[in-house]
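Trainee: I should like a close look at one part of this structure, chosen by you, with its surroundings treated in the same connected account. Please give the cut-off behind each term as you use it.

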Amino acid sequence: EIVKKYNHLPIKTIKDLEIDATEIMNILNIQGSPLIKEILNDLEYQVLYSKLKNKKTDLKKRLSFTSG
């Protein structure tokens, strides 16, 4: 049961997100900071709980919402 659920996850790790820390810093025009990790964690949560698709366009929209 657990393996089945794991295999159906949209992403397995934060590294599976279609956006990375460098892209986030460029989009938000910020330097590396603990904030980047918080943003990545939020995106991971949103994808895992089906609130966002793991598509670059959807993730960028979330960043726009976050920064605005």
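Mentor: Along the sequence, the protein chain follows the pattern α-α-α-α. It has four helices and zero strands, where helices (H or I, at least four residues) and strands (E, at least two) are DSSP runs, numbered from the N terminus. The model is a predicted one, in which local features need pLDDT of at least 70 and side-chain atom pairs count only at pLDDT 80 or more, while totals for chains, interfaces and linings use all residues. Residues are numbered from 1 along each chain as its sequence is written, and side-chain values use heavy atoms, with hydrogens and water left out.

The C-alpha trace of the protein chain spans about 40 × 20 × 15 Å along its principal axes. Of its 68 residues, 24% count as buried; buried means under 20% relative accessible area, exposed over 50%, and partly exposed in between (1.4 Å probe, protein chains only). Among contacts between residues at least 6 apart in sequence, 50% join residues at least 24 apart, a contact being heavy atoms within 4.5 Å.

The part I choose is helix α3, which covers residues 34-48. At 1.5 Å a residue, its 15 residues should span 21 Å, and its end C-alpha atoms are 21 Å apart, which agrees. The expected span here is 1.5 Å times one less than the number of residues.

The buried residues of α3 are I36, I39, L40, L43, Q46 and V47. Viewed down the axis of α3, these buried residues fall within an arc of 125°, so they line one face of the helix. The arc is that of the directions from the helix axis to the C-beta atoms. As background, an α-helix has 3.6 residues a turn, so residues three or four places apart point the same way. The face of α3 turned away from the buried side carries the exposed residues P34 and E38.

Two residues of the buried face deserve individual attention. I39, in helix α3, counts as buried because its relative accessibility is 9%. Leaving aside neighbours within four places in sequence, I39 is in contact with I24, L28 and L63. By contrast with those contacts, I39 and L52 are 13 residues apart in sequence and 14 Å apart in space, C-alpha to C-alpha. Q46, also found in helix α3, has 10% relative accessibility and therefore counts as buried. With neighbours within four places in sequence again left aside, Q46 is in contact with K51, L52 and R62.

The wider setting of the helix is the nonpolar core, defined as a set of buried Ala, Val, Leu, Ile, Met, Phe, Trp, Tyr and Cys residues joined through side-chain atoms within 4.5 Å. The largest such core has 14 residues, and those with the most contacts inside it are L17, I24, L43, L59 and L63. Helices α2 (21-28), α3 and α4 are the elements that give two or more residues to this core. Its largest share, five residues, comes from α3. L63 touches I39 and L43, and also I19, I24, I27 and L28, not counting residues up to four places away in sequence.

The loops on either side of α3 each hold a residue with positive phi. For general reference, most residues other than glycine have a negative phi. N29 lies in the loop between α2 and α3; its phi is near 55°, a positive value in a residue other than glycine. At 71% relative accessibility, N29 counts as exposed. S50 is found in the loop between α3 and α4, just after α3, and has a positive phi of about 60° although it is not a glycine. S50 counts as exposed because its relative accessibility is 65%.

Beyond that second loop comes helix α4 (residues 56-67), which contains D58. Apart from neighbours within four places in sequence, D58 is in contact with L52 and K53. D58 and E18 are 40 residues apart in sequence and 9.7 Å apart in space, C-alpha to C-alpha.

One feature outside α3 completes the account. The charged end of K12 sits over the ring of Y6, 5.3 Å from its centre; the criterion is that NZ of Lys or CZ of Arg is within 6 Å of the ring centre and within 35 degrees of the ring normal.
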